[in-house]
Amino acid sequence: MKTVFLGCALLFSLTACGTGDSPTVQENSGGGAIKNISIGLGSKEGKCLIHTGGKSHTSPWGGDQTAFTESMAEAGKAVSDYLGNGDRIVYVSVLNNISIDCDCDGNPAEPDIHDIGILASTDPVAIDQAAIDLCFAAEGSDSLKQRVERQNGLHTLEHGEEIGLGSRTYKLVDINE
């Protein structure tokens, strides 16, 4: 079980990849850390391959949703493996002003969920699971829950755990106490 830290003020020097910024919870992926190490670090061609489940090298549109969520977890695992099986990555997610729309949307919906806090972990699956759990428990989360369920967004976390990217089990530690 990995520990996920929650706080309102974290002081640190972040030199690794895998930082999540709001909106941390993506309606398609179920989380920000996995999305950021897969799609965020992917080339233009890599982004297309992830979005289409390996079917297109040139267009990100038209892929199967399950193939997309699994490809995102698999690309995240490849990055993690390359960086010492995740030993050289720290993930930080800022859960603030969360919209149901992807951060790639030029006209996202207004945020329904406001300041929850900052999460940090060495496990991308654990931090994304903690983020989704905290967001689902927050006031104003109904539209997010519906979108995640409609898009099978939690499958990225399920598949990430299945392939050894991380664990959905976590211990949340509030550093403000």
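Visitor: Is the crossing of α3 and α6 left-handed or right-handed?
Guide: Keep in mind that this is a predicted model. Here α3 covers residues 65-82 and α6 covers residues 155-162. Their crossing is right-handed.

Visitor: At what angle do the axes of α3 and α6 cross, and what does that make α3 relative to α6?
Guide: The two axes come within 8 Å and cross at roughly 45 degrees. Angles under 35 degrees would count as roughly parallel, and 65 to 115 as roughly perpendicular. The crossing angle therefore makes α3 oblique to α6.

Visitor: Which residues of α6 make the contact with α3?
Guide: On the α3 side, look for T66, T69, E70, M72, A73 and E74. The residues of this contact divide into two nonpolar, six polar and two charged. From α6 come H155, T156, H159 and G160.

Visitor: Let's move to α5. Why do its buried residues L144, R147 and V148 sit on the same side?
Guide: Helix α5 runs over residues 142-150, with L144, R147 and V148 buried. An α-helix has 3.6 residues a turn, so residues three or four places apart point the same way. The buried residues of α5 lie on the same side because they cover an arc of only 95 degrees around the axis.

Visitor: What do the buried residues of α5 pack against?
Guide: Start with the other side of α5, where D142, Q146, E149 and R150 are exposed. The buried residues of α5 pack against residues 124-137, that is, α4.

Visitor: Which residue just after α5 takes a positive phi?
Guide: Follow the chain just past the end of α5. There, with a phi of about 55 degrees, is N152.

Technical notes
Residues are numbered from 1 along each chain as its sequence is written. This is a predicted model: local features need pLDDT of at least 70, side-chain atom pairs count only at pLDDT 80 or more; totals for chains, interfaces and linings use all residues. Side-chain values use heavy atoms; hydrogens and water are left out. Buried means under 20% relative accessible area, exposed over 50%, partly exposed in between (1.4 Å probe, protein chains only). Helices (H or I, at least four residues) and strands (E, at least two) are DSSP runs, numbered from the N terminus. The arc is that of the directions from the helix axis to the C-beta atoms. Contact means heavy atoms within 4.5 Å. Axes are lines fitted to C-alpha atoms, for helices over the stretch in contact, and angles run from 0 to 180 degrees between N-to-C directions. Angles under 35 degrees count as roughly parallel, over 145 as roughly antiparallel, 65 to 115 as roughly perpendicular and the rest as oblique. A crossing is left-handed if the near helix is turned anticlockwise from the far one by less than a right angle, and right-handed if clockwise. Ala, Val, Leu, Ile, Met, Phe, Trp, Tyr, Cys and Pro count as nonpolar, Asp, Glu, Lys and Arg as charged, and the others, Gly among them, as polar.
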